[in-house]
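Trainee: I'd like to learn how to read a structure feature by feature. Could you walk me through one?

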Amino acid sequence: MSEVIEQLAARLGALEDREAIRALVAAYGPLADAGDAQAVADLWCEDGVYEVSGFARAQGRAEIAALIDGPTHRALMATGCAHLLGPVSITLQGNRATARGHSIVFRHEDGRFAAHRVSANCWTLIRTGLGEHGGWQVLHRANALLDGTEAAQALLSFTPPQPAS
Amino acid sequence: MSEVIEQLAARLGALEDREAIRALVAAYGPLADAGDAQAVADLWCEDGVYEVSGFARAQGRAEIAALIDGPTHRALMATGCAHLLGPVSITLQGNRATARGHSIVFRHEDGRFAAHRVSANCWTLIRTGLGEHGGWQVLHRANALLDGTEAAQALLSFTPPQPAS
Amino acid sequence: MSEVIEQLAARLGALEDREAIRALVAAYGPLADAGDAQAVADLWCEDGVYEVSGFARAQGRAEIAALIDGPTHRALMATGCAHLLGPVSITLQGNRATARGHSIVFRHEDGRFAAHRVSANCWTLIRTGLGEHGGWQVLHRANALLDGTEAAQALLSFTPPQPAS
């Protein structure tokens, strides 16, 4: 393979990685609101962690699926909810990446919708091999309410990647 | 064209398709809030359908444009509104694709904003040929309030595509 | 470089440009909510403008950083806030681009979250050379409350780019 083609392939690969990570994060909300516990859990790697500050820490797919199948989430679904995740700010570093962004849980109550939880999220993702989403999976997702606490704000803080020299 | 280049072109084409579909969906909210009825309608294919559960079913560009020009939408615009569509989870299948995600209609009333509608959306898209957005157009958009009804939740449910074997 | 490869490189470049612009806009909210004034300002080009209708007009990185370090933004952060920016509708024109979309500022008050500002945004971006985000930077961001005023709606209005003939 010529050098020109190798360079094109590398640039294409970087775009594919970002697209896969974006798709992975974008799948969470629809799957959660559909109540598809197994598909949600499968976004994580086998021993991945989902940490919701002040609410739960689930490790491994069985525990993550149990959050979606659990009474809190099912009660939300029964009256109506939407897990809206905004676009993420992605930083790629080889086989590891971070993605930062907001999530809003809207809740339907008394015929109206309210923003029930407004949170900061920091996703750590790893490339685990072949498979869906280009092999990318969630290693860790930290979520914390943006209620003025510095810990939540810190999840959104990052030093942007330096340009290649 | 060598096999290597053909493979690169195919990978690039898949990214372009996802980008075109994302752009198509991302254009809806701004165009709707600008009141540009014809541009909204042109996102759909000629006999495309826009189905808003419990409110309207429009088929064809003239009917879709009439929704944007109609009294309900114009009243929303007059007092202030935002049609925020979240990122979509895209599944490509050749010349057809689906995109799932949330939409929130914010309404301005008495000097405050409220989440007026919080909905699930399932878009079915087709590649119709050359033209804007890589030839992709909306064949069908289903929208339903996430008020606890299973029909709305089902719009967000999907079996993720299997990895190529 | 053969013509086939040149065409692939051009298509790849267009995707990279859109990805860079998307990443630039997606970085704003997390950085603002983390209070990282310098990193926010660095999204703009040196003499770039951030115009918030009815609130402020900042020109140049020092003034933009001062908005994030200023009392209004710091008060929001202290009680809790989220600057959620939706997906943007991007129009590329060589070394210049526009991106249109919504932003929602959620505010935490009395243990609840409310949509404090719901705005239209029109970003004008330019390619300034090498560097982060493929050299893309913000030349101008206009933001206006979607409270029924036509000026805000006009920020979201655009003629979609014509397909290549």
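Trainee: Let's start with a single residue: where is the place of B:His133 in chain B?

Mentor: Keep in mind that we're looking at a predicted model. B:His133 sits in the loop between strand 6 (112–127) and strand 7 (136–145) of chain B.

Trainee: What is phi like at B:His133?

Mentor: Phi there is positive, near 55°, and the residue is something other than glycine. Chain A has a matching entry: A:His133 isn't a glycine, yet its phi is positive at about 50°. A:His133 is placed in the loop between strand 6 and strand 7 of chain A.

Trainee: Is B:His133 buried or exposed?

Mentor: B:His133 counts as buried because its relative accessible area is 18%, and the cut-off for buried is under 20%.

Trainee: Let's zoom out to chain A. How many helices and strands does chain A have?

Mentor: Chain A has five helices and seven strands. Follow the sequence and you get the pattern α-α-β-β-α-α-β-β-β-β-β-α. The C-alpha trace of chain A spans about 65 × 35 × 30 Å along its principal axes.

Trainee: What share of the residues in chain A is buried?

Mentor: Of the 165 residues in chain A, 58% are buried. You can also ask how far apart in sequence the contacting residues are. Among contacts in chain A with a separation of 6 or more, 53% come from residues 24 or more positions apart.

Trainee: Now the helices. At what angle do the axes of helix 1 of chain A and helix 1 of chain B cross?

Mentor: For two helices, look at distance, angle and handedness. Helix 1 of chain A and helix 1 of chain B, each covering residues 3–34, cross at roughly 35°, and their axes come within 11 Å. The crossing is left-handed. On the chain A side the contact includes A:Ile5, A:Leu8, A:Leu12 and A:Glu16, while chain B brings in residues including B:Val4, B:Leu8, B:Arg11 and B:Arg18. Sorted by class, this contact between the two helices has eleven nonpolar, one polar and six charged residues.

Trainee: And how do helix 1 of chain A and helix 1 of chain C pack?

Mentor: Their axes are 11 Å apart, and the angle is about 35°. The crossing of helix 1 of chain A and helix 1 of chain C is left-handed. Here helix 1 of chain A uses residues including A:Val4, A:Arg11 and A:Arg18, and they meet a set in helix 1 of chain C that includes C:Ala9, C:Gly13 and C:Glu19. By class, the contact of helix 1 of chain A with helix 1 of chain C has eleven nonpolar, one polar and six charged residues.

Trainee: That leaves chains B and C. What is the handedness of the crossing of helix 1 of chain B and helix 1 of chain C?

Mentor: It's left-handed. Helix 1 of chain B packs against helix 1 of chain C at an angle of about 35°, with the axes 11 Å apart. Among the residues in this contact are B:Ile5, B:Gly13 and B:Ala23 from helix 1 of chain B, along with C:Val4, C:Leu15 and C:Arg22 from helix 1 of chain C. The class count for the contact of helix 1 of chain B with helix 1 of chain C is eleven nonpolar, one polar and six charged residues.

Trainee: On to rings. How many aromatic pairs are there over all chains?

Mentor: A search of the whole structure gives 18. We describe a pair of aromatic rings by the distance of the centres and the angle of the planes. Take A:Trp44 and A:Trp123: they form a tilted pair, 6.0 Å centre to centre, with 40° between the planes. This pair links distant parts of the chain, since A:Trp44 is in strand 1 (residues 44–52) and A:Trp123 is in strand 6 (residues 112–127), 79 residues apart. Both A:Trp44 and A:Trp123 are buried.

Trainee: Which residues do ring pairs link into a cluster?

Mentor: The cluster is A:Tyr28, A:Trp44, A:Tyr50 and A:Trp123. A ring can have a charged neighbour too: B:Arg141 lies over the face of B:Tyr28, 4.5 Å from the ring centre. In chain C, C:Arg141 lies over the face of C:Tyr28, at 4.5 Å from the ring centre.

Trainee: One last residue: what does A:Leu139 touch?

Mentor: A:Leu139 is in strand 7 (residues 136–145) of chain A. Leaving out residues up to four places away in sequence, its contacts include A:Trp44, A:Val49, A:Arg96 and A:Ile126. A:Leu139 and A:Ile126 are 13 residues apart in sequence, with their C-alpha atoms 6.2 Å apart in space. A:Leu139 counts as partly exposed because its relative accessibility is 24%.

Technical notes. Residues are numbered from 1 along each chain as its sequence is written. Chains are lettered from A and ligands numbered from 1 in the order in which they are written. This is a predicted model: local features need pLDDT of at least 70, side-chain atom pairs count only at pLDDT 80 or more; totals for chains, interfaces and linings use all residues. Side-chain values use heavy atoms; hydrogens and water are left out. Axes are lines fitted to C-alpha atoms, for helices over the stretch in contact, and angles run from 0 to 180 degrees between N-to-C directions. Helices (H or I, at least four residues) and strands (E, at least two) are DSSP runs, numbered from the N terminus. A crossing is left-handed if the near helix is turned anticlockwise from the far one by less than a right angle, and right-handed if clockwise. Contact means heavy atoms within 4.5 Å. Ala, Val, Leu, Ile, Met, Phe, Trp, Tyr, Cys and Pro count as nonpolar, Asp, Glu, Lys and Arg as charged, and the others, Gly among them, as polar. Rings of Phe, Tyr and Trp (its six-membered ring) pair if their centres lie within 6.5 Å; planes under 30 degrees apart count as stacked, over 60 as edge-to-face and the rest as tilted. Buried means under 20% relative accessible area, exposed over 50%, partly exposed in between (1.4 Å probe, protein chains only). A charge sits over a ring if NZ of Lys or CZ of Arg is within 6 Å of the ring centre and within 35 degrees of the ring normal.
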